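Q: I am a first-year student and would like a close look at one part of this structure: the aromatic pairs and what surrounds them. Could you walk me through that part?

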Amino acid sequence: MKMNRFNWSGLLLLTVILFSACRAETDTAVISERESLYGFDETVEVIRQNALDAGWTVPIVHNMQMNLQNAGVAILPAKIIELCNAGHAAELLQTDRTKFNLAVLPCRVAVYQKEDGKTYVSWKDYAHFSQLEHTISQPAFRLIQADMEEIISPVIN
């Protein structure tokens with residue numbers, strides 16, 4: 001009987017190791033990073049246009065390179081694109097029970113260059129986030145995640 005439990009435990013451990021090895025090194029529980037198919041400026045523009053085409057607004061694009069340069073810090077190109085979908089936001093903010101979600105709105109996508117000269121995109125997995133934090137707003141966050149994947153997937157490997 002002990003040998004049988006050991007075999008199952010070993011199989012489970014091997015599965016976890018293999019799954020972990022298949023994920024990108026920089027993925028966390030709720031943040032993913034992928035290399036862009038495009039250069040920096042084009043990646044920002046494609047994501048911005050994809051968001052608009054999907055019915056989202058882009059309230060602001062933060063130029064982190066310029067912001068930090070103004071503070072005397074030099075970094076490679078980096079921008080944070082804020083995305084807003086009024087319908088999704090309204091659903092998350094309609095009741096006092098779900099208003100705490102305001103802390104993660106608007107949705108953000110980061111585009112940046114690394115020292116290897118390549119452009120990368122990172123974003124939050126909102127569906128997974130809602131499972132870790134709470135389940136109250138899970139349906140809304142699943143819709144947000146589906147939209148985010150539609151907006152981002154054309155630019156990543």
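A: Happy to! The structure holds 2 aromatic pairs; rings of Phe, Tyr and Trp (its six-membered ring) count as a pair if their centres lie within 6.5 Å, and the pair is called stacked with planes under 30 degrees apart, edge-to-face over 60 and tilted for the rest. One pair is made by Tyr 112 and Tyr 120: the ring centres are 6.4 Å apart and the planes meet at 20°, so this pair is stacked. Both Tyr 112 and Tyr 120 are buried (buried means under 20% relative accessible area, exposed over 50%, and partly exposed in between, using a 1.4 Å probe and protein chains only).

A word on where these values come from: this is a predicted model, in which local features need pLDDT of at least 70 and side-chain atom pairs count only at pLDDT 80 or more, while totals for chains, interfaces and linings use all residues. Residues are numbered from 1 along each chain as its sequence is written, and side-chain values use heavy atoms, with hydrogens and water left out.

The other pair joins Tyr 126 and Phe 141, also stacked, with 6.1 Å from centre to centre and 5° between the planes. Because Tyr 126 belongs to helix H5 and Phe 141 to helix H6, this pair ties together parts that are 15 residues apart in sequence. (Helices are DSSP runs of H or I with at least four residues, strands are runs of E with at least two, and both are numbered from the N terminus.) Tyr 126 and Phe 141 are both buried.

Now back to Tyr 120, whose ring has a charged visitor: the charged end of Lys 114 sits over this ring, 4.5 Å from its centre. To count as sitting over a ring, NZ of Lys or CZ of Arg must be within 6 Å of the ring centre and within 35 degrees of the ring normal.

Tyr 112 leads us to another neighbour, Ser 122, which is found in strand S5. Leaving aside residues up to four places away in sequence, Ser 122 touches Tyr 112 as well as Ile 31, Ser 32, Glu 33, Arg 108, Val 109 and Ala 110; contact here means heavy atoms within 4.5 Å. Ser 122 counts as buried because its relative accessibility is 13%.
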